[in-house]
Amino acid sequence: MKLVCYSSTLLEYGGDILASKGMKREKKLIQHGTCSVYQHSLSVAAMCLNIADTFHIKVSRRAMVRGALLHDYFLYDWHEPVLKNRIHGFTHPYIALKNAQKDFELGVIEKNMIKRHMFPLVPIPPKYREGVILCIADKICALSETITGISQKSDQRRQQKCRNF
Ligand SMILES: [Fe+2]
Ligand SMILES: [Fe+2]
């Protein structure tokens with residue numbers, strides 16, 4: 001993941017988002033494995049740029065970065081065992097959009113990206129290229145973060161066994 005290569009682009013288009021209170025809150029919320037929602041959102045935004053550049057896809061880089069940074073702006077712990085979290089996969093895009101609209105000025109592309117990023121789980125596809133790229137980038141990052149989390153846990157278990165030996 002070429003996150004470093006894209007740090008200046010992420011700052012240029014999403015500096016205000018990254019410095020916001022909401023994103024500070026995201027640093028404390030876990031997304032997959034041990035990865036925070038903040039780190040996940042950064043990785044997804046960088047992955048979107050990477051995909052667009054690799055396949056020479058014409059996009060609005062500003063809209064794509066901002067939509068990707070805000071796609072999981074739901075701002076609660078979805079791992080808590082409460083009833084509403086059972087349908088988090090279906091509902092969080094709408095909550096993220098509502099929160100993001102409260103805190104930032106959003107264009108049509110960003111709004112649609114956030115609302116439709118759970119396609120195909122939520123079976124309405126995104127309307128713009130930026131949103132299609134986000135759907136792909138989000139799945140790639142989520143899978144990688146989950147696998148890293150599983151491997152970290154099994155490393156910890158192995159180390160614990162070694163200590164107890
Ligand atoms: Fe999401
Ligand atoms: Fe995500």
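**Exercise 1. In what order do helices and strands run along the protein chain, from the N terminus on?**

Solution. Start with the terms: helices (H or I, at least four residues) and strands (E, at least two) are DSSP runs, numbered from the N terminus. Now read along the chain. The order is α-α-β-β-α-α-α-α-α. Then count. The protein chain has seven helices and two strands.

Two notes on the model apply throughout. This is a predicted model, in which local features need pLDDT of at least 70 and side-chain atom pairs count only at pLDDT 80 or more, while totals for chains, interfaces and linings use all residues. Residues are numbered from 1 along each chain as its sequence is written, and chains are lettered from A and ligands numbered from 1 in the order in which they are written.

**Exercise 2. Find the radius of gyration of the protein chain and set it against the value for a compact globule.**

Solution. The radius is taken over C-alpha atoms, and the globule rule is 2.2 Å times the number of residues to the power 0.38. Step one: for 165 residues, a compact globule would have a radius near 15 Å. Step two: the protein chain has 16 Å, which agrees. For the spans, use the principal axes: the C-alpha trace covers about 60 × 40 × 30 Å.

**Exercise 3. How do α2 and α3 cross, and which residues make the contact?**

Solution. Axes are lines fitted to C-alpha atoms, for helices over the stretch in contact, and angles run from 0 to 180 degrees between N-to-C directions. The axes of α2 (residues 21–28) and α3 (residues 37–54) come within 5 Å and cross at roughly 110 degrees. Next, classify the angle: under 35 degrees is roughly parallel, over 145 roughly antiparallel, 65 to 115 roughly perpendicular, and the rest oblique. So α2 and α3 are roughly perpendicular to each other. Residues are in contact if their C-beta atoms, placed from the backbone, lie within 7 Å. Helix α2 brings M23, E26 and K27, and α3 brings V37, Y38 and S41.

**Exercise 4. Are L134 and I136 buried, partly exposed or exposed?**

Solution. A residue is buried if 20 or more other C-beta atoms lie within 10 Å of its own, exposed if 12 or fewer, and partly exposed in between; C-beta atoms are placed from the backbone. L134 is found in helix α7. L134 has 28 other C-beta atoms within 10 Å, so L134 is buried. I136 lies in α7 (residues 129–164) too. I136 has 13 such atoms within 10 Å, so I136 is partly exposed. Now list the contacts of L134, leaving aside neighbours within four places in sequence: C48, G67, A68, H71, M113 and H117.

**Exercise 5. How many residues of α6 are buried, and what do they pack against?**

Solution. Helix α6 (residues 108–115) has eight residues, and six of them are buried. These are I109, E110, N112, M113, I114 and K115. They pack against α4 (61–70), α5 (88–103) and α7.

**Exercise 6. Which residues have the most contacts inside the largest nonpolar core?**

Solution. A nonpolar core is a set of buried Ala, Val, Leu, Ile, Met, Phe, Trp, Tyr and Cys residues joined through C-beta atoms within 7 Å. The largest has 33 residues, and A45, C48, A68 and A137 have the most contacts inside it. Where do the residues come from? α1 (7–18), α3, α4, α5, α6 and α7 each supply at least two. The largest share, nine residues, comes from α3. Finally, check A45: not counting residues up to four places away in sequence, A45 touches L10, G14, V65, A68 and L69.

Note on methods: Two residues are in contact if their C-beta atoms, placed from the backbone, lie within 7 Å.
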